[in-house]
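Please open the model in your viewer and keep the selection tool at hand, since each stop of this tour asks you to pick out a few residues or elements and look at them.

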Amino acid sequence: MATSEKVKELTTDTFESVVLKSSTPVLVDFWAPWCGPCKMLAPILEEIASEMADRIQIAKVDVEENTDVAAQYQVNRLPTMLFFKDGKVVDQIIGWSSKPELSARLEALI
């Protein structure tokens, strides 16, 4: 699944620098290429990333290619979205979610 410049595709090597050391809140979408709800969520995350680019970051982690990151955060259902602030998980959503719900959760972090 291709991502835009607004949604960062993370790997095990980039996760710490992009998410844990970020000065802005980060929504990390854990996904897999075979996950239907993940594919439905992708355009919503692109829209939110564009609309809130100056205040938050949105990133994606392919759980098949980065199993260690998924295991570290005990991701076992997809999609799983973890909300990070100051390097710590402060919220999560498991399963598909609407744009209004995701936007409201992000606004609460800012």
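Select F15, Y73 and F84 together in this predicted model, and you will have one aromatic cluster on the screen. The structure holds three aromatic pairs in total, and two of the stops below are pairs within this cluster.

Keep F15 and Y73 highlighted: the centres of their rings are 5.5 Å apart and the planes stand at 45°, so the pair is tilted. F15 belongs to helix α1, residues 12–20, while Y73 sits in the loop between α3 (67–72) and β4 (80–85), so the pair ties together parts that are 58 residues apart in sequence. Both F15 and Y73 are buried.

Next, exchange Y73 for F84 in the selection; the ring centres of F15 and F84 lie 5.8 Å apart with planes at 75°, and because this angle is over 60 degrees, the pair is edge-to-face. Here helix α1, which carries F15, is linked to strand β4, which carries F84, across 69 residues. F15 counts as buried at 3% relative accessibility, and F84 is buried with a relative accessible area of 2%.

From β4, widen the view to the open sheet of five strands, whose order is β1-β3-β2-β4-β5 and whose pairing is mixed. Colour β1 (7–10) and β5 (88–94) to mark the edge strands, each of which pairs on one side only. On average, neighbouring strands of this sheet are turned by 25° against each other, direction ignored.

Finally, select β2 (residues 26–31) and β3 (residues 57–62), which run parallel and are joined by six bridges, and find F30, which stands opposite V61 in β3.

Conventions. Residues are numbered from 1 along each chain as its sequence is written. This is a predicted model: local features need pLDDT of at least 70, side-chain atom pairs count only at pLDDT 80 or more; totals for chains, interfaces and linings use all residues. Side-chain values use heavy atoms; hydrogens and water are left out. Two strands pair if DSSP finds at least two bridges between them. Helices (H or I, at least four residues) and strands (E, at least two) are DSSP runs, numbered from the N terminus. Axes are lines fitted to C-alpha atoms, for helices over the stretch in contact, and angles run from 0 to 180 degrees between N-to-C directions. Rings of Phe, Tyr and Trp (its six-membered ring) pair if their centres lie within 6.5 Å; planes under 30 degrees apart count as stacked, over 60 as edge-to-face and the rest as tilted. Buried means under 20% relative accessible area, exposed over 50%, partly exposed in between (1.4 Å probe, protein chains only).
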